Amino acid sequence: MNHAGTARLAVAIAAGVALAVAGCGRRWIPEATDADAARISARWPGTTATQLNHGRTLLLSRCGNCHLPPSPAELQAEAWSDEVREMRERSGLSVADAILVERYLAAFASDQPRGTGR
Ligand code: HEC
């Protein structure tokens with residue numbers, strides 16, 4: 001391997017380690033239930049478990065291309081709004097799909113009462 005290749009590999013490994021530490025080494029990305037949908041409906045009335053799980057699928061498929069998909073409990077609900085807004089275009093998500101990702105993340109955010117998905 002040439003020098004540039006080695007440097008790139010080192011950067012990739014460092015990034016991977018940083019993300020693993022940020023996620024506390026445990027990835028908690030639970031499936032949403034009706035109870036989770038009822039809880040988040042206090043903020044977004046009428047949200048269904050199906051919508052939340054669609055958001056989860058998008059999170060797993062679109063937010064894991066550059067780094068591991070983040071665990072919802074890494075941030076508080078408000079912070080996820082900003083984060084998803086920032087990451088939406090990079091992920092090629094439509095505004096409507098990004099809303100589902102945001103609702104899923106908010107439903108299991110660190111400042112939410114623990115959902116049934118744990
Ligand atoms: C095209 C690559 C790419 C995609 C797709 C992507 N991210 Fe990121 N993400 C990054 C990079 C690069 C960083 C490092 C910090 C930065 O550049 O903002 C990052 C950092 C983060 C962080 C750490 C906090 C921060 O701002 O540094 C979170 C949380 C995050 N991304 C969430 C998401 C979510 C949620 C999605 C899906 C909606 C997503 N990412 C999709 C590239 C991506």
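In this predicted model, the secondary structure of the protein chain amounts to five helices and zero strands. Read from the N terminus, the elements follow the order α-α-α-α-α. The protein chain has 118 residues, of which 24% are buried. Its contacts reach far along the sequence: among those between residues at least 6 apart, 73% join residues at least 24 apart.

A good place to begin a closer look is the pairing of α3 and α5. Two packed helices are described by the angle between their axes and the distance between the axes. For α3 and helix α5 (residues 95-107), the axes come within 7 Å and cross at roughly 100°. Angles of 65 to 115 degrees count as roughly perpendicular, and α3 and α5 are therefore roughly perpendicular to each other. On the α3 side, the contact is made by Q51, L52, H54, G55, R56, L58 and L59, while α5 brings D97, L100, V101, R103, Y104 and A107. Sorted by class, the residues of this contact comprise seven nonpolar, three polar and three charged.

Helix α5 also rewards a look on its own. Its 13 residues, at 1.5 Å a residue, should span 18 Å, and the end C-alpha atoms are indeed 18 Å apart, so expectation and model agree. The buried residues of α5 are L100, V101, E102, R103, Y104, L105, A106 and A107. These buried residues pack against α2 (34-40), α3 and α4. A107, in helix α5, illustrates the burial well: 20 or more other C-beta atoms within 10 Å make a residue buried, and A107 is buried because it has 27. A107 also pairs in space with a residue from far back in the chain, since its C-alpha atom and that of D36 are separated by 6.6 Å although the two are 71 residues apart along the chain.

Other positions offer a contrast in exposure. L60 is found in helix α3, yet it is exposed, because 11 other C-beta atoms lie within 10 Å and a count of 12 or fewer is classed as exposed. Leaving aside residues up to four places away in sequence, L60 touches I29 and P69. L60 and P70 are 10 residues apart in sequence, and their C-alpha atoms are 8.7 Å apart in space. T48, for its part, lies in the loop between α2 and α3. With 14 other C-beta atoms within 10 Å, T48 is partly exposed. The C-alpha atoms of T48 and D34 are separated by 6.9 Å, with their positions 14 residues apart along the chain.

Attention now turns to the ligand. There are 14 residues around the ligand, and C63, C66, M87, R90 and S91 come nearest. Helix α4 (residues 77-91) gives the most to this shell, with six residues. By class, the shell holds seven nonpolar, three polar and four charged residues.

One further loop position can be placed relative to S91, one of the residues that come nearest to the ligand. G64 is found in the loop between α3 (49-62) and α4. G64 has 13 C-beta neighbours inside 10 Å and so counts as partly exposed. In sequence, G64 and S91 are 27 residues apart, while the distance from C-alpha to C-alpha is 9.2 Å.

Technical notes: Residues numbered from 1 in each chain as written. Predicted model: local features only at pLDDT ≥ 70, side-chain atom pairs only at ≥ 80, totals over all residues. Near = placed C-beta within 6 Å. Helix = DSSP H or I, 4+ residues; strand = E, 2+ residues; numbered from the N terminus. Nonpolar A, V, L, I, M, F, W, Y, C, P; charged D, E, K, R; others polar. Contact = placed C-beta atoms within 7 Å. Axes fitted to C-alpha atoms, helices over the stretch in contact; angles between N-to-C directions. Parallel < 35°, antiparallel > 145°, perpendicular 65-115°, else oblique. Expected span 1.5 Å × (residues − 1).
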